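Reader: I am new to this structure and would like to know what stands behind the words used for it. Please set each value against its rule.

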Amino acid sequence: MIARRFVPYGIAVVGAVAVTAAIGVVETYAKVGGLSAVYLLLVLWLGATYGRWPAVTASVAAFLLYDFFFVPPVGTFSVRGPSELLELVVLLAVALVTSQLAASLRRTQASAEAMATQSQALYELAIAALQAPEVANALSLLSGRAAAIPGVKRFAIAAVVDGKGETLAGDTFSADELGQAVRSFESRRPVGISVSGGTVRAMRTHPNRAEPAYVPLDSGVAVIELGETTPSTDDARMLAALIGLAGLLLDRRRAARESTRADALEESNSLKAAILSSVSHELKSPIAALRAGLTALVAPRAGLTPEQQDLTRDMDRQATRLDHMVGDLLALARLEAGVELHREPHSFADLVGASLRQVRSELHGHEVTVHASEDLPAVDVDEMQVGRVLTNLLENAAEWAPAGGAISVGAAERDGQLAAWVENDGPAIAPTDLDRVFDTFWTRRMTGTGLGLAICKRVIEAHGGTIRAENMRRGPRFTFTLPLAQVATAHAQ
Amino acid sequence: MQRALRAGLQYHDFDVRTAGSGQDALRESAAWRPDVVLLDLGLPGMDGFETLAALRPATRAAIIVVSVMPGEKDKVRALDAGADDYVVKPFGTEELVARIRAVLRRQADVSAGEPVVRSADLEIDLGRRTVTVKGRPVRLTPTEYELLRYLALHAGKPVTHNTLLRQVWGEYAVGDSYNTRYVVAQIRKKLGDDPSNPRYIVTEPGVGYRLAP
């Protein structure tokens, strides 16, 4: 090992001797001036190949040899004039400059090669990691590569879930060490080493090198234990790059987990919807058969006496009520289960028109007026749900307005929303009840389900609006707000 | 349910035959050629929609779909698959009889090939492509006329947004019901129809529109 370090110096001395011999041979045949320049070639070559000191050695050796053999008086080391001294200085300067240039060239080349190797390795690792269907496999690959870096004793990637550390890949670390990793993750502070500027630096505050270092990442921690030797500059860069890649892989793992959770949530929602629709089917089918049978019996051809017909009609009315109750309960259950709103721009007048048609038999005998000007802005609502609010409020109004009483429906734009109301001229609501009317199962009647207004409140709130009851001069009024549609005037024609 | 309906309809002078499954319904309708088929979407065996798809090309009868699901999705799907109308359980016999009569009336009108469709005091002359309200002509844009014409051709029947979009705009417009809402609002304005109490074009919530017969 040590002997090899002196080889360049040997070459320098032997080279100088050889050049001297060659000059001597040439000199015996012809007197050629300036042959000392040949030494320059030797020094240049040595400087470029072996660096500064062998070149300097060669310069000194060349100067001494030339002086001894060729400079008169031949056979002595005496220097007679400044020109010989200048020759030595030139040789030394050339040796120093070329060796310096060559050395920096060599360093650049070496580091370029090292970086190319490193990028190649990182690239291959990144591709493999990204292609691995399981993030865990990619992380193992990465940990293996990191542990192989000289100077790295142990390397692991840990995830932190609900305050608990879990090693995902790499070497095993004790529970204490994992606890330390969790603390580092939660405080967002690295322990032992820091990663910045594309490289890894040991922190001066790290007292004991035998203890692992922790680098918190966005979704986990990198745990690294360094050995006795410090990793080289290139290896430190490699380590930093691997830690960065580990951060990306952990993010990917978290994203994958979150999307799985979202899928599960969606599944549970569709399960809820399926259960509700099955319950709806089971509850409604017997009522449907009951109503079909009862209404069939009412036909004159069925041969019932007028009294029996009345009784049957009454039974059908009860079956209809039962159907409404089941419908309300299911609607409430759907709202509680968090149904998705199907929002589209709608004109308020159109919504009112459809609802009025739906409850026209209940409204029979009442005078209904609609105050909805044509230039009301469109509302961004679920047609069916808001339709239900309007029919519930209209049915409610029809029930409370006296026979032949007035019901009015209207809307106006207010504070960037549509404020709509349904009013009747029936008896006022007791002031203490104004807030309670929207409570589930609260009702003023013996026969009501107490669900209609509760459903209204939930639907309106799902649209981000509010609903309230108040007593106007003529009678009770229900006011609710609806969001305006953000529709440009442009449309397809 | 089936027995009750049969009894109810028979009391209203209809000849009724019943089928217990989709296959039976297909056989019965081919052999017996009914005027109206009542199809329960919750049939045992064959899926209700499958039966509808098989039945539609095989019969000229009006098909009224019966479902216990109050959702408008089934309604739209059935209408798009060629059903003529839709009733949601539970319903009374009178209501059902009224629906059947309306469907039969519509069928008679269509087969009469009348070129002028009337809805209250609105007249749509399909031959001369003119629209008048109380005898006064109304000027419609081509899009507005096409939409009204399609509703007139199916007067009394609920027409889904998607069917209108497909017929008036083309396949690419399907799904964007803002178009139909906007054009219907324009037509109503020109016809002097109040959207909160329409006489001519009735909104079918969650489904589409219907020209009042």
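Reader: Which residue takes a positive phi in the hairpin of β1(A) and β2(A)?

Author: Asp162(A), with a phi near 50 degrees. The hairpin has two residues between the strands. Note that the model is a predicted one.

Reader: What makes β1 and β2 of chain A a pair of strands?

Author: Two strands pair if at least two bridges are found between them. Strand β1 (residues 152-161) and strand β2 (residues 164-170) of chain A are joined by six bridges, so they pair, and they run antiparallel. Within the hairpin, Val160(A) stands opposite Gly165(A).

Reader: What are the overall contents of the two chains?

Author: Chain A has twelve helices and 13 strands, and 42% of its 493 residues are buried. Chain B has eight helices and ten strands, with buried residues making up 52% of its 213 residues.

Reader: Why is Ala173(B) called buried?

Author: The cut-off for buried is under 20% relative accessible area. Ala173(B) has 4%, so Ala173(B) is buried. Ala173(B) lies in the loop between α7 (161-169) and α8 (178-191) of chain B. Leaving aside neighbours within four places in sequence, Ala173(B) is in contact with Leu165(B) and Asn179(B).

Reader: Why is Asp84(B), with a relative accessible area of 18%, called buried or exposed?

Author: Buried, because 18% is under the 20% cut-off. Asp84(B) lies in the loop between α4 (72-80) and β3 (85-88) of chain B. Outside the four nearest places in sequence on either side, the contacts of Asp84(B) include Arg56(B), Ile63(B), Leu79(B) and Arg106(B).

Reader: What makes the link between the side chains of Asp84(B) and Arg56(B) a polar contact?

Author: The distance is one part of the rule: N or O atoms must be within 3.5 Å, with one able to donate a hydrogen and the other to accept it. The side chains of Asp84(B) and Arg56(B) are joined at 3.0 Å, which is within that limit.

Reader: What is found around Arg210(B)?

Author: Arg210(B) lies in strand β10 (residues 208-211) of chain B. At 18% relative accessibility, Arg210(B) falls under 20% and therefore counts as buried. A polar contact of 2.6 Å joins the side chains of Arg210(B) and Glu204(B). Not counting residues up to four places away in sequence, Arg210(B) also touches Arg357(A), among others.

Reader: How do you know that Asp40(B) and Lys89(B) form a salt bridge?

Author: A side-chain nitrogen of Lys or Arg must be within 4 Å of a carboxyl oxygen of Asp or Glu. The closest N and O atoms of Asp40(B) and Lys89(B) are 3.0 Å apart, so the pair meets the rule. Asp40(B) lies in strand β1 (residues 36-40) and Lys89(B) in the loop between β3 and α5 (93-112) of chain B, so the pair ties together parts 49 residues apart in sequence.

Reader: Why is Asp40(B) called partly exposed, and Lys89(B) buried?

Author: Partly exposed runs between the 20% cut-off for buried and the 50% cut-off for exposed. Asp40(B), at 24%, is therefore partly exposed. Lys89(B) has 8%, which is under 20%, so Lys89(B) is buried.

Reader: What makes Glu146(B) and Arg129(B) a salt bridge?

Author: Their side chains meet at 3.5 Å, N to O, which is within 4 Å, so the pair counts. Glu146(B) is in helix α6 (residues 142-153) and Arg129(B) in the loop between β5 (122-125) and β6 (130-133) of chain B, so parts 17 residues apart in sequence are tied together.

Reader: How many salt bridges are there across the interface of chain A and chain B?

Author: Three. One pairs Arg301(A) with Asp13(B); their distance of 2.3 Å, N to O, is within 4 Å and so satisfies the rule. Over all chains the count comes to 29.

Reader: Which residues and how much area does the contact between the chains take?

Author: The contact takes 38 residues from chain A and 39 residues from chain B. The area buried between them is about 3,300 Å², of which carbon and sulfur atoms give 58%.

Terms used
Residues are numbered from 1 along each chain as its sequence is written. Chains are lettered from A and ligands numbered from 1 in the order in which they are written. This is a predicted model: local features need pLDDT of at least 70, side-chain atom pairs count only at pLDDT 80 or more; totals for chains, interfaces and linings use all residues. Side-chain values use heavy atoms; hydrogens and water are left out. Contact means heavy atoms within 4.5 Å. Buried area is the accessible area (1.4 Å probe) that two parts lose on being put together, summed over both. Helices (H or I, at least four residues) and strands (E, at least two) are DSSP runs, numbered from the N terminus. Buried means under 20% relative accessible area, exposed over 50%, partly exposed in between (1.4 Å probe, protein chains only).
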